[in-house]
Amino acid sequence: MSSTTAATPQARTTLHIDWVACDGRGLCTEILPELLTEDPWGYPAPVAVQGRDPLPPNAIPVPERLLGEAREAVAACPLLALRLSRAGGPPAPTRGRAAR
């Protein structure tokens, strides 16, 4: 492989849920149904994907194509219970609206 085509580590964005702050309003599951579903009590849970190892419930990889929706979900959370982080790259926007 030439240096121009060599694989370089890509930044990976992960969605994190603060379970202490979350009260299960469900806005994130409405905005991001490809990644989140509601558990029996209304709290967000990772969508099960056949053939994928079980995910920690608060570290959900976000595909590049869903970054816009993930940012929207973070911004919409009224209790700031969601944040995005990036591994291998610059920090992603991490918090939604400021508490009033």
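Hi everyone. Let me start with a term: a residue is buried when its relative accessible area is under 20%. By that cut-off, 30% of the 100 residues in this chain are buried. And a quick reminder that what you see above is a predicted model.

So, the layout. The chain has 2 helices and 5 strands, and reading from the N terminus the order is β-α-β-β-β-α-β. If you take the contacts between residues at least 6 apart in sequence, 53% of them join residues at least 24 apart.

How far does the predictor trust all this? The mean pLDDT of the chain is 78, with 67% of residues at 70 or more. Among the elements, helix α2, residues 67-76, has the highest confidence, with a mean of 96. Strand β3, residues 44-46, has the lowest, and its mean is 88. Then there is the start of the chain: over residues 1-9 the pLDDT stays under 50, and for that stretch the model has 2 contacts beyond four places in sequence.

Now to the part I enjoyed, the cysteines. How many disulfides does a search of the whole structure find? The count is 0. Just to recall the chemistry, a disulfide is a covalent bond between the sulfur atoms of two cysteines. Why is C22 not in one? The closest cysteine sulfur to that of C22 belongs to C28, and it lies 6.2 Å away, so the two are too far apart for a bond; the cut-off here is 2.5 Å. C77 is in no disulfide either, since the nearest cysteine sulfur, that of C22, is 6.5 Å from its own.

Are C22 and C77 buried or exposed? C22 has a relative accessible area of 13%, so it is buried. C77 also counts as buried, because its relative accessibility is 13%.

That brings me to the empty space in the model. There is 1 cavity of 30 Å³ or more in the structure, and the largest cavity has a volume of about 140 Å³. Which residues are closest to its centre? Of the 16 residues that line it, they are C22, R25, G26, C28 and C77. So our three cysteines turn up again here, C22, C28 and C77 being among those closest to the centre. By class, the lining has 11 nonpolar, 3 polar and 2 charged residues.

If you have the structure open, have a look around C22, one of the residues closest to the centre of that cavity. Thanks for listening!

Conventions. Residues numbered from 1 in each chain as written. Predicted model: local features only at pLDDT ≥ 70, side-chain atom pairs only at ≥ 80, totals over all residues. Heavy atoms only, no water. Buried < 20%, exposed > 50% of the residue type's maximum accessible area, 1.4 Å probe, protein only. pLDDT = per-residue confidence, 0-100. Helix = DSSP H or I, 4+ residues; strand = E, 2+ residues; numbered from the N terminus. Contact = heavy atoms within 4.5 Å. 1 Å grid on protein atoms, 1.4 Å probe; cavity = no way out; pocket = protein on both sides within 12 Å on 5 of 7 lines; lining within 4 Å. Points joined across faces, edges and corners; volume = space filled by probe spheres on them. Nonpolar A, V, L, I, M, F, W, Y, C, P; charged D, E, K, R; others polar.
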